[in-house]
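Reader: I'd love a close look at one part of this structure, with the rest brought in around that part. Could you take me through it?

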Amino acid sequence: MKCFHFFNGERKDEPKNTKSMSVRSNTSTFTDREVRRSGSEFNSQEVSDMSEESSGRAVFPSFSQRPNNLRVFTFSDLKIATKNFSRSFMIGEGGFGSVYKGIIRSLDDQQTKLDVAVKQLSRKGLQASMWAAVLLKNTITVSCSSTLNSSILYKMKGHKEWVTEVNVLGVVEHPNLVKLVGYCAEDDERGIQRLLVYEYMPNRSVEDHLSTRSTTPLPWAMRLRIALDAARGLVYLHEEMDFQIIFRDFKTSNILLDDQWNAKLSDFGLARQGPSEGLTHVSTAVVGTMGYAAPEYIQTGRLSIKSDVWSYGVVLYELITGRRPLDRNRPKSEQKLLEWIRPYLSDMKKFPQILDPRIEGKYSLKSAHKLAGVANRCLVRHPKQRPKMSEVLEMVKQIVEATEMGSPEPPIKSTLKPMNTSEEAKRKRSNLKRRNVDSKIGESGWLFWRSWNSKLVRTC
């Protein structure tokens, strides 16, 4: 079989050292040296992230040098919080490990209990990560015929994303970003332990509620509110700090809903610091999710905030249609969302045919059409012609304010089955057989398929 390769460029340098990361219990920060040891520094200019434009640029202040308020948990703390990582507490499972619901005590008041989500990076993945990095250090070529197993590379990326999340979420704070409460990083006789502790988001992801599994769909007013909240989160990352963050993997599964149904961006493992002043982009290895990634990024590896704007446009059409951007379970002519909707956009009479039928007419056609207009501006082929997210936010605000549908009412109840049931396990296996998965672009430039029970499937 043939490799599906996206990266235009050669890999020149690899991480030079793979010693485990140490954690300073009195600072809750990672130093540059410590992060480099892991081969995972957020600001690193590895070969895949190097370009003519970025090679001579001034280095931004390292995220690892910025103060944060993250709690440092021991592994024993998190075992207690999750009842020894009981499967009955499991709320998600992915290629890098598992996510559990946990209960911790507040630092301010020990009598106050807090619900959290604990993401545990697979220990096998961590060990594979270190072993793979050693091989890369010894310049072993990675190709379709390589002896380096692709699943090991996938898990190696998991370790890198773990460090990135700590460094990014440790220094950002916004109502529309999921809060990172703390982390655990221990190396002892039991092995390598890497865990992240987030605020608990009981209403799960927007993707869950748009899926056909959800019998109670999101009301139209709620979809508009989600579009507004997500735009606010991106504006903060792009324009409201003294440095710029490009999300790089904006999609409905990374938009979570809290107990009040406020939308918050999550999963910053692929986030990247933006270009320095005077530069338009950074050049990186192509990573992300097929169907959401901007075309210029896939073709050239040139990443900018306008790449996130493109992804936001795709998400708007998901909210409008209730369809995934790439769905191989549909007829061939309907598998790619942006191609399927094109014939319906210019004809106001045909436009209602693309609206999510599960809303059953309970929407404002005028606001839906205007939201599609915003999406179209985000999906302009040339990135320079796309609006900034602050401009997009103003457009979405005007649509929400002009739409008289009252306060957004959430679904009556969550109709999604718990993730730890045997029926759910059967469903996941069934979905994998039907190839109902997201296509992911790996850092090596390979295309692979990502599912809940993510085992890497190479296309070569």
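Let's start with one side chain: does Tyr312 count as buried or exposed?

Author: Happy to. One point before we begin: this is a predicted model. Tyr312 counts as buried, because its relative accessibility is 0% and the cut-off for buried is under 20%.

Tyr312 sits in helix α9, so let's look at that helix. Helix α9 covers residues 305-321, which is 17 residues. At 1.5 Å a residue those should span 24 Å, and the end C-alpha atoms are 25 Å apart, so the two values agree. Burial is not confined to the tyrosine: 17 of the 17 residues of α9 are buried, so the helix is largely enclosed by the rest of the structure. After α9 comes Gly322, with a positive phi near 75°.

Now for the ring partner of Tyr312. The structure holds 6 aromatic pairs. In one of them, the rings of Phe247 and Phe268 have centres 4.8 Å apart and planes at 20°, so this pair is stacked. Phe247 belongs to the loop between β7 (245-246) and β8 (255-257), while Phe268 belongs to the loop between β9 (263-265) and β10 (272-273), so the pair ties together parts that are 21 residues apart in sequence. Both Phe247 and Phe268 are buried. Another pair is the one that involves our tyrosine: the ring centres of Phe250 and Tyr312 lie 5.8 Å apart with planes at 35°, so this pair is tilted. It links distant parts of the chain, since Phe250 is in the loop between β7 and β8 and Tyr312 is in helix α9, 62 residues apart. Phe250 is buried too, with a relative accessible area of 0%. Taken together, ring pairs link Phe247, Phe250, Phe268 and Tyr312 into a cluster.

How does this fit the wider chain? The secondary structure comes to 13 helices and 15 strands, and buried residues make up 57% of the 460 residues. Among contacts with a separation of 6 or more, 66% are between residues 24 or more positions apart. One link across the sequence involves Lys160 in helix α5 (residues 150-169): the C-alpha atoms of Lys160 and Gly269 are 7.5 Å apart in space, though the two residues are 109 apart in sequence. Lys160 is buried, with a relative accessible area of 14%.

For a helix pair, turn to α11 (residues 365-378) and α12 (residues 389-402), whose axes come within 10 Å and cross at roughly 175°. That angle makes α11 roughly antiparallel to α12. On the α11 side, Ser367, Lys370, Leu371, Val374, Arg377 and Cys378 take part, and they meet Val392, Met395, Val396 and Ile399 of α12. By type, the residues of this contact are 7 nonpolar, 1 polar and 2 charged.

Finally, two loop residues are worth a look for their backbone. Asn84, in the loop between α3 (75-81) and β2 (90-94), has a positive phi near 60° although it is not a glycine. Arg204, in the loop between β6 (191-199) and α6 (206-210), also has a positive phi near 60° and is likewise a residue other than glycine. Their surroundings can be set side by side: Asn84 is exposed, with a relative accessible area of 51%, whereas Arg204 counts as buried at 18%.

Note on methods. Residues numbered from 1 in each chain as written. Predicted model: local features only at pLDDT ≥ 70, side-chain atom pairs only at ≥ 80, totals over all residues. Heavy atoms only, no water. Helix = DSSP H or I, 4+ residues; strand = E, 2+ residues; numbered from the N terminus. Buried < 20%, exposed > 50% of the residue type's maximum accessible area, 1.4 Å probe, protein only. Axes fitted to C-alpha atoms, helices over the stretch in contact; angles between N-to-C directions. Parallel < 35°, antiparallel > 145°, perpendicular 65-115°, else oblique. Contact = heavy atoms within 4.5 Å. Nonpolar A, V, L, I, M, F, W, Y, C, P; charged D, E, K, R; others polar. Expected span 1.5 Å × (residues − 1). Phe/Tyr/Trp six-rings, centres within 6.5 Å; stacked < 30°, edge-to-face > 60°.
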